Amino acid sequence: VRAISHALRPPALDQIGLTKAIEWMVEQFAEGSATKFSTELDNIDGLFEPDMEMNLFRIIQEGLNNIIRHADAGQVILEVKREPAGLRISLFDDGCGFDAEKLRNEPQVRRGLGLVSMDERVMYLGGSLDLQSAPGRGTRLTVRVPLQLTTDRTDSTDKKPDAERSK
């Protein structure tokens, strides 16, 4: 049961926050890999609700998984940047690439479960996903998610006017 629970929501998100959890995850991918990983991460802790944080974490995780499994990349760059309109996640690799146009335009081309999962998560977050790749030219994944500040979690009694609270 514990393993299933951890698979659903990584404990690192609650223990060290989203930003450090992303750093930790990249370090895990880098261990034992010939691929060179670099990151440029803005602090995004507390910007999103817990379920949104988990989806952002999983999108990045799936992008990194795809690179390790398919790209044969020498270098990977992950950027997580706060922008005026929201959050931008960019994942670049210098790997073998693939025909992204064919993937987009030909319905009979099988999309992997990872890409479908990323699309669904990005849609849930109200964002957009842009995938650019070509054979021999690497891949660039860009996810944009609108910034939705966490809701005020104060007790509802704190929102009553002073006169009502004293009754």
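What follows is a short dialogue on reading the core, one residue and one helix of a predicted model.

Me: Let's start with the core. Which residues of the largest nonpolar core touch the most other members?

Reply: The general idea: in soluble globular proteins, nonpolar side chains tend to be buried together. Here the largest nonpolar core has 38 residues, and I22, L56, I60, L64, L78, V80 and I89 touch the most other members.

Me: Okay, and which helices and strands each supply at least two residues of this core?

Reply: On the helix side you've got α2 (11-30), α3 (50-71) and α5 (113-124). The strands are β1 (36-41), β2 (75-83), β3 (86-93) and β5 (139-146). The largest share, 9 residues, comes from α3.

Me: Say I click on I89. What does I89 touch?

Reply: Leaving out residues up to four places away in sequence, I89 touches L56, I60, L78, E79, V80, L141, T142 and V143.

Me: E79 is on that list. Is E79 buried or exposed?

Reply: Here's how to read it: a residue under 20% relative accessible area counts as buried. E79 has 17%, so E79 is buried. You'll find E79 in strand β2. Its side chain makes a polar contact with the side chain of R88 at 2.9 Å. With the same sequence neighbours left out, E79 touches E40, R88, I89, S90 and F92.

Me: Back to α3. How far apart are its end C-alpha atoms?

Reply: Work out the span you'd expect, then compare. At 1.5 Å a residue, the 22 residues of α3 should span 32 Å; the end C-alpha atoms are 31 Å apart, so the two agree.

Me: And what comes just after α3?

Reply: Look at D72, which takes a positive phi of about 50° there.

Definitions and conventions:
Residues numbered from 1 in each chain as written. Predicted model: local features only at pLDDT ≥ 70, side-chain atom pairs only at ≥ 80, totals over all residues. Heavy atoms only, no water. Core = buried A, V, L, I, M, F, W, Y, C linked by side-chain atoms within 4.5 Å. Buried < 20%, exposed > 50% of the residue type's maximum accessible area, 1.4 Å probe, protein only. Helix = DSSP H or I, 4+ residues; strand = E, 2+ residues; numbered from the N terminus. Contact = heavy atoms within 4.5 Å. Polar contact = N/O pair within 3.5 Å; in protein donor to acceptor, adjacent residues only side chain to side chain. Expected span 1.5 Å × (residues − 1).
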